[in-house]
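Student: Got a minute to go through some helix packing with me? I'd like to talk it over with the model open.

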Amino acid sequence: MSYLSVILIAVIEAMDCFAVATSIGLGRSGVSRLKATVLALSFGFFQGGMTLIGFFSGTLAKHWIHDLGSIIACAILCLLGAKFILEAFRKKEDEHKIANLGFAGIVLLSLATSIDALTIGISFAFVEIDMVFASIAISLAAILFGILGFEIGNRAARFFKSNLPQIIAGIILIAIGIKTIWQPLMP
């Protein structure tokens, strides 16, 4: 597989990280830039790590991992999205912040966004590829798009004076979660 193909796959894999990070920034979640950077680094670690795990596991459990992973990712993202929406309606207009994103939340979001990377890694087991380059490219793309997404969401949220950004953020997370279930069902 060419290096250009690997870079394109890395960017595509980073889109979920971008969307989740944008949602967090847009949701005025009270997440500091430092915590957003830790989240982006976690995205990169999990994306690269899951790609390697998938590569080394090969085809042993391909269908089981993909189906179960989609369900887990959907549940995590939908629950987080629902929390964003509920918090938007529970709080007054001047209280937009949801609970601060802790270590467990960072790990769960990173895991949820890296399920596809596991599947990509499995597919890499069947092609000639430089796995060191692939895992580094996927990790770096996730980190960069995670930081970029948070900044875009955070800056966009400053223009709103209502709970609308937090509701939109919740809807985006739920849509990403549903996509993880819907995609495997498509022929």
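**Helix packing chat**

Tutor: Sure, and keep in mind this is a predicted model. The axes of helix 1 (residues 3-26) and helix 2 cross at roughly 155 degrees and come within 11 Å.

Student: So are helix 1 and helix 2 roughly parallel or antiparallel?

Tutor: Roughly antiparallel, because angles over 145 degrees count that way. The crossing of helix 1 and helix 2 is right-handed.

Student: Which residues meet there?

Tutor: From helix 1 you have Glu13, Cys17, Val20, Ala21 and Ile24, and they meet Leu39, Phe43 and Gln47 of helix 2. By class, that contact has six nonpolar residues, one polar and one charged.

Student: OK, other pair. How do helix 2 and helix 6 cross?

Tutor: Their axes come within 8 Å, with a crossing angle of roughly 150 degrees. Helix 2 and helix 6 are therefore roughly antiparallel, and helix 2 passes helix 6 in a right-handed crossing.

Student: Who makes that contact?

Tutor: Helix 2 contributes residues including Ala36, Ala40, Phe43, Gly44, Gly48 and Phe55. Among those on helix 6 are Ser135, Ile138, Ala142, Gly146, Phe150 and Arg155. The contact of helix 2 with helix 6 divides into twelve nonpolar, eight polar and three charged residues.

Student: Switching to helix 6 itself, what span does it reach?

Tutor: Helix 6 covers residues 131-157, 27 residues in all, and reaches 38 Å from its first C-alpha to its last. That's close to the 39 Å expected at 1.5 Å a residue.

Student: And what does Asp130 reach at the start of helix 6?

Tutor: A side-chain oxygen of Asp130 comes to within 3.3 Å of the backbone nitrogen of Val132.

Note on methods:
Residues are numbered from 1 along each chain as its sequence is written. This is a predicted model: local features need pLDDT of at least 70, side-chain atom pairs count only at pLDDT 80 or more; totals for chains, interfaces and linings use all residues. Side-chain values use heavy atoms; hydrogens and water are left out. Helices (H or I, at least four residues) and strands (E, at least two) are DSSP runs, numbered from the N terminus. The expected span of a helix is 1.5 Å times one less than its number of residues. A polar contact is a pair of N or O atoms within 3.5 Å; within protein, one must be able to donate a hydrogen and the other to accept it, and residues adjacent in sequence count only if both atoms are side-chain atoms. Axes are lines fitted to C-alpha atoms, for helices over the stretch in contact, and angles run from 0 to 180 degrees between N-to-C directions. Angles under 35 degrees count as roughly parallel, over 145 as roughly antiparallel, 65 to 115 as roughly perpendicular and the rest as oblique. A crossing is left-handed if the near helix is turned anticlockwise from the far one by less than a right angle, and right-handed if clockwise. Contact means heavy atoms within 4.5 Å. Ala, Val, Leu, Ile, Met, Phe, Trp, Tyr, Cys and Pro count as nonpolar, Asp, Glu, Lys and Arg as charged, and the others, Gly among them, as polar.
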